[in-house]
Amino acid sequence: MARKSPTQRILLAVVVLVVAVAGIWYAGRQVGAQPSGTGAAPADVTQQLAELKIAPRTSMSGYSREKFPHWDNQGHNCNTRELVLKRDGKDVKAGSDCNPTSGTWFSVYDAETWTKPGDVDIDHVVPLGQAWASGARDWPQDKREQFANDLTRPQLFAVTDNLNQQKGDKAPDEWKPPLVSFWCTYATDWVTVKHYYGLTITTGEKTALQDMLNRCGA
């Protein structure tokens, strides 16, 4: 068996580290789990929601998914989508091209479990079109690419494919996960991502997010 070069070993170590760190974050995303131990929305998320700029959504004019390049090469033959499938799945097996061929995936949107990679999509918590209409149209291309491939913020995870398609580019005032026990985490994730990237929200969106955060102590 051929020995890996120093460069190959470094790339492998980076991939393993990314999956491990993301896995620690994802492990806490159990259905109905609260994002804090207080039984209420974390104070920092409440503060972040208050800090988000309220503005009308702009039109989708000029938008295309190609303006948010994804899925990026993450090293060792793996792209962003494949890393998320590995991170979010259980007993995932993949070929030398890093594309998963089997495993088990639990969808936090509806508490459904799937055993075929094709039955799950990688959801952008804040959809690409939603980002475009709330500030990303003015970003440089490299920032939109970072947003579309962000493995650090709670922006990407595997969910039931038809629910991801049903969600589309809708904000929380237009669509919510059918699993009500996940609303607290969903709103927390949405606020976290929008705050980090400086995206705006509408009045209706803020009301919907606050309602979802109010369920954190339910």
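The following exercises, each with a worked solution, concern the predicted model shown above.

**Exercise 1. Helix H8**

Task: Determine which residues of helix H8 are buried and on which side or sides of the helix they lie.

Solution.
Step 1. Helix H8 spans residues 203-213, and its buried residues are Glu205, Ala208, Leu209, Met212 and Leu213.
Step 2. These residues cover an arc of only 135 degrees around the axis, which puts them on the same side of H8.
Step 3. A general rule of helix geometry is useful here: an α-helix has 3.6 residues a turn, so residues three or four places apart point the same way.
Step 4. Thr203 and Thr207 are exposed on the other side of H8.
Step 5. The packing partners of the buried residues of H8 are helix H2 (43-51), helix H4 (128-132) and helix H7 (183-197).

**Exercise 2. The nonpolar cores**

Task: State which residues touch the most other members of the largest nonpolar core, and which elements give two or more residues to this core.

Solution.
Step 1. The largest nonpolar core has 37 residues, and those that touch the most other members are Phe68, Tyr109, Phe147 and Tyr186.
Step 2. Two or more residues of this core come from each of H2, H4, helix H5 (141-148), strand E7 (156-160), H7 and H8.
Step 3. H7 gives the largest share, 8 residues.
Step 4. Another core, of 11 residues, lies apart from this one; among its members are Val84, Leu85, Cys98 and Trp105.
Step 5. Tyr186 may be examined individually. When residues up to four places away in sequence are not counted, Tyr186 touches Tyr109, Val125, Lys167, Pro172, Trp175, Pro177 and Met212.
Step 6. As a general tendency, nonpolar side chains in soluble globular proteins tend to be buried together.

**Exercise 3. Two residues in helices**

Task: Classify Gln48 and Ala131 as buried or exposed, and list their contacts beyond four places in sequence.

Solution.
Step 1. Gln48 belongs to helix H2. Its relative accessibility is 17%, and a residue under 20% is termed buried, so Gln48 counts as buried.
Step 2. Not counting residues up to four places away in sequence, Gln48 touches Val191, Thr192 and His195.
Step 3. Ala131 is part of helix H4, and with 0% relative accessibility Ala131 also counts as buried.
Step 4. Leaving aside neighbours within four places in sequence, the contacts of Ala131 are Phe68, Val126, Ala136, Phe147 and Leu199.
Step 5. Ala131 and Arg57 stand 74 residues apart in sequence, while their C-alpha atoms are 9.5 Å apart in space.

**Exercise 4. Helix H3 and the strands after it**

Task: Explain why helix H3 is described as largely enclosed, and describe how strands E3, E4 and E5 pair.

Solution.
Step 1. H3 comprises residues 80-88, and 7 of its 9 residues are buried, so H3 is largely enclosed by the rest of the structure. The buried residues are Thr80, Glu82, Leu83, Val84, Leu85, Arg87 and Asp88.
Step 2. The N-terminal end of H3 is capped by Asn79, with a side-chain oxygen 3.1 Å from the backbone nitrogen of Arg81.
Step 3. Strands E3 (residues 89-94) and E4 (residues 100-107) are antiparallel and pair over 4 bridges. Gly89 has Trp105 in E4 as its bridge partner.
Step 4. The hairpin of E3 and E4 has 5 residues between the strands, and Cys98 in the turn shows a positive phi of about 80 degrees.
Step 5. E4 is also joined to strand E5 (residues 112-114) by 3 bridges in the antiparallel sense. There, Ser107 has Glu112 as its bridge partner.
Step 6. The hairpin of E4 and E5 has 4 residues between the strands, and Ala111 has a positive phi near 60 degrees.

**Exercise 5. Backbone geometry between H2 and E2**

Task: Identify which peptide bond is cis, and give the phi values of His76 and Asn77.

Solution.
Step 1. Begin with the general expectation: most residues other than glycine have a negative phi, and most peptide bonds are trans.
Step 2. The bond joining His70 and Trp71 is cis, with omega about 0 degrees. Trp71 is located in the loop between H2 and strand E1 (73-75).
Step 3. His76, in the loop between E1 and strand E2 (78-79), has a positive phi near 55 degrees. At 33% relative accessibility, His76 counts as partly exposed.
Step 4. Asn77, found in the loop between E1 and E2, has a positive phi of about 70 degrees. With a relative accessible area of 54%, Asn77 is exposed.

Terms used. Residues numbered from 1 in each chain as written. Heavy atoms only, no water. Buried < 20%, exposed > 50% of the residue type's maximum accessible area, 1.4 Å probe, protein only. Polar contact = N/O pair within 3.5 Å; in protein donor to acceptor, adjacent residues only side chain to side chain. Pairing = 2+ DSSP bridges. Arc of directions from axis to C-beta. Contact = heavy atoms within 4.5 Å. Core = buried A, V, L, I, M, F, W, Y, C linked by side-chain atoms within 4.5 Å.
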